[in-house]
Amino acid sequence: MSRLETRAIHAGASHSAVGDPVLNILSPATSFYSHPDAVGFSANDLGDQAPYFYTRWSNPTTDLLAERLAALEGGEAGLTFSSGMAAISSLFLNRLRCGDHVIVSNVCYAGVAELARDILPKYGIRSTAVDTSDLAAIEAALRPETRLIHIETPANPILKLSDIAAIAALAHANGVECSVDSTMATPVATTPLALGADFVVHSLTKYIGGHSDALGGAIIGRKADLDAIQKEGLIHFGATLNPFAAWLILRGMETLPLRMKAHEANAGAVAAFLAAHPRVEQTYWPGLASHPQHELARRQMRNFSGMVSFSAKNGAALARQLAERVEVFSYAVSLGKTRSLLCYVPSDDIIRSSFGLEGRDAENYRAWTGDGTFRLSVGLEAPEDLIADLERALD
Ligand SMILES: *Cc1c(COP(=O)(O)O)cnc(C)c1O
């Protein structure tokens, strides 16, 4: 099964026998399994061939989702979590220990920026927030105790890109691991493991689930690493994905390749409209030739995804106007849904709060965004309706 569209529907399923249901396995109401060979009570006794036993450890539905994700990302194994943040915090707490240092993108999902800056130090883990679109800045931030470089590309909310292959090579040359949050790209656009990353993480809540009806997260990587993360993150921290949510995400994932094609086409149309609009200062979409990293986008992304951002004068007032006037778009956070969403992120607020940027980093952020960023998650509605909605609301 070499093609993504086929893997998104078939990978991991084992419906070989005649009469077997040709469906995703659903085991929603099962927290435990009885088994004559019940394993011991310690996670340390958990072998490769252990039967299903207790859903916090493993479950057929979450296993199927993990296997299918691994097939889409071209990874040895996958693990699912209750949310994207559960996946990322489990990754950090497994790969890092007291005394270690981690480098994170200085523009990324706010929860990850705050986890690295405010919470990891409680466990003796230091972090440095770096502009990971700048390889020299990453190199300068490396320390003897650096263990992990965590990047997000495209990065929330401004759609700045990081060069996965170059960063993974720099990491490995220094004995450091590299993890990539690929939530905005999805495996339709980018497969970070093939570019050298050690781990790829996702919020399944976004494009992969795609229908705003379930939270979930995942890590894909080498099996031996994921076995260790499973023991900690799932069995001991308990960040397990609810099997019913896994089933909803599996159902959503079957149409991921199709949806991403439509998201990309709609985002391209919306980005072209915004780029030509007199009230708009800058428009960012990796597929636009005017994106400062368009060349990297073409190298690294097979699909430019459905996220568009733009800046405008008097952003805060315009945000209020758009929130009151849009009818097809919803003024809301989150992303990757069937329906179109838009929200405004004032630069001063996020520079001070979530990102804590200072000096040159704050200047660079402001140079990219101006007063603030309008972040659009362009959905699957007719592009004419989306453009007409924005045109009316911007007027
Ligand atoms: C939403 C998101 C997360 C967090 O995922 P949750 O499922 O909300 O916990 C992490 N990274 C990115 C890029 C996201 O968009």
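**View 1. G84 meets the ligand through its backbone.** A polar backbone atom of G84 sits 2.9 Å from an oxygen atom of the ligand; a polar contact here is a pair of N or O atoms within 3.5 Å, and within protein one must be able to donate a hydrogen and the other to accept it, with residues adjacent in sequence counting only if both atoms are side-chain atoms. On its own the ligand would expose 380 Å², and the protein buries 94% of that (Shrake-Rupley areas with a 1.4 Å probe; for residues, only the protein chains shown count as cover). Keep in mind that this is a predicted model, where local features need pLDDT of at least 70, side-chain atom pairs count only at pLDDT 80 or more, and totals for chains, interfaces and linings use all residues. Residue numbers run from 1 along each chain as its sequence is written, and side-chain values use heavy atoms, with hydrogens and water left out.

**View 2. The shell around the ligand has 13 residues.** G84, D181, S203, T205 and K206 come nearest, where being near takes a heavy atom within 4 Å. Two side chains reach ligand oxygen atoms: a polar atom of T205 at 2.7 Å, and an N or O atom of K206, also at 2.7 Å. Helix α3 (residues 84–95) gives the largest share of the shell, three residues; helices (H or I, at least four residues) and strands (E, at least two) are DSSP runs numbered from the N terminus. By class, the shell splits into four nonpolar, six polar and three charged residues (Ala, Val, Leu, Ile, Met, Phe, Trp, Tyr, Cys and Pro are nonpolar; Asp, Glu, Lys and Arg are charged; the others, Gly among them, are polar).

**View 3. The second largest pocket lies between two domains.** Domain 1 (4–253) and domain 2 (256–394) both give residues to its lining, so that is where the pocket ends up; the bounds come from an automatic or database domain assignment. Its volume is about 270 Å³. On a 1 Å grid over the protein atoms alone, a pocket is an open set of points with protein on both sides within 12 Å along at least five of seven lines, a cavity is a set where a 1.4 Å probe fits but cannot get out, and lining residues have an atom within 4 Å of a point. Points are joined across faces, edges and corners, and a volume is the space filled by probe spheres set on them. Of the 15 lining residues, Y109, N156, V333, S334 and R375 lie nearest the centre. Strand β11 (residues 341–346) supplies the largest share, three residues, and the lining as a whole has 11 nonpolar, two polar and two charged residues.

**View 4. Two cavities of 30 Å³ or more are present.** The largest has a volume of about 70 Å³, with S105, D131, E152 and A155 among its lining residues. That lining divides into three nonpolar, five polar and three charged residues. The second largest holds about 50 Å³ of space, and its lining draws at least three residues from each of domain 1 and domain 2. Residues lining this second cavity include I158, K160, L357 and Y365.

**View 5. Backbone oddities in the loop between β4 and α6.** P154 sits in this loop, between β4 (146–152) and α6 (164–173), and is joined to T153 by a cis peptide bond with omega about -10°. P157 is in the loop between β4 and α6 too, and the bond from N156 to P157 is cis, with omega near -5°. L159, also between β4 and α6, has a positive phi near 65° despite being a residue other than glycine.
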